[in-house]
Amino acid sequence: GADVSVAVADCSSQVGSGAVPVETLPSAALALTPDGGGGALERLAERFRRLPVPVIGRIADGALLLDLRCLEDEDGFLANLRSLATAEYRG
């Protein structure tokens with residue numbers, strides 16, 4: 001599909017939803033912005049949700065934000081993303 005611009009963006013991460021649903025922590029996110037109009041952003045988010053290990057982001061300010069606060073396995077994350085560009089991914 002569309003070309004995607006990637007940048008690092010400051011963001012706030014929600015701590016939890018139980019007793020402190022409004023507490024946030026500063027974090028960083030990958031901000032993915034697809035070129036093109038229409039539903040390009042929604043289609044990009046869908047492709048990430050359909051990866052072998054689903055990646056869930058949030059859409060804000062015209063970009064798909066992938067908050068990195070809880071990323072523990074960087075190599076596994078990158079391997080999962082590589083399937084976006086290979087024949088293994090059929091989304």
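Let me start with helix α1, residues 40-49, where R49 and E46 sit three residues apart and are therefore separated by about one helical turn. This is a predicted model, so please take every value I quote as computed from predicted coordinates. With that spacing in mind, the side chains of R49 and E46 meet in a salt bridge, with a nitrogen-to-oxygen distance of 2.7 Å. Neither partner is fully hidden or fully open by our classes: R49 counts as partly exposed at 40% relative accessibility, and E46 is likewise partly exposed, with a relative accessible area of 32%.

E46 has a further partner, because its side chain also meets that of R50 in a salt bridge, here at 3.6 Å from N to O, which falls within the 4 Å allowed by the rule. R50, for its part, counts as partly exposed, at 46% relative accessibility. Since these salt bridges share partners, E46, R49 and R50 are joined into one network. As a general point, side chains of opposite charge can pair when their charged atoms come close. How many salt bridges does the rule give in total? The count comes to two.

Let me move from charged to nonpolar side chains. On the surface, V15, V20 and L25 form a nonpolar patch, and together these residues have about 210 Å² of accessible area. Where along the chain does V20 lie? V20 is found in the loop that runs between β1, residues 4-14, and β2, residues 24-34. The relative accessible area of V20 is 37%, so V20 is classed as partly exposed, and that value is over the 30% that a residue needs to be considered for a patch.

Finally, the cysteines. The structure holds zero disulfides, and for C11 the nearest cysteine sulfur, which belongs to C70, is 10 Å away, whereas a disulfide would need the two sulfur atoms within 2.5 Å. Seen from the other side, C70 is in no disulfide either, with the sulfur of C11 as its nearest cysteine sulfur at 10 Å. Is C11 buried or exposed? At 11% relative accessibility, C11 counts as buried, because the class takes in residues under 20%. C70, by contrast, is exposed, with a relative accessible area of 56%.

To pull this together for discussion: we have a salt-bridge network of E46, R49 and R50, a nonpolar surface patch of V15, V20 and L25, and two cysteines, C11 and C70, whose sulfurs lie 10 Å apart in a structure with zero disulfides.

Notes:
Residues are numbered from 1 along each chain as its sequence is written. This is a predicted model: local features need pLDDT of at least 70, side-chain atom pairs count only at pLDDT 80 or more; totals for chains, interfaces and linings use all residues. Side-chain values use heavy atoms; hydrogens and water are left out. Helices (H or I, at least four residues) and strands (E, at least two) are DSSP runs, numbered from the N terminus. Buried means under 20% relative accessible area, exposed over 50%, partly exposed in between (1.4 Å probe, protein chains only). Patches are made of residues with over 30% relative accessible area and no salt bridge: like charges are joined within 9 Å, nonpolar side chains (Val, Leu, Ile, Met, Phe, Trp, Tyr) within 5 Å. Accessible areas come from the Shrake-Rupley method with a 1.4 Å probe; for residues, only the protein chains shown count as cover.
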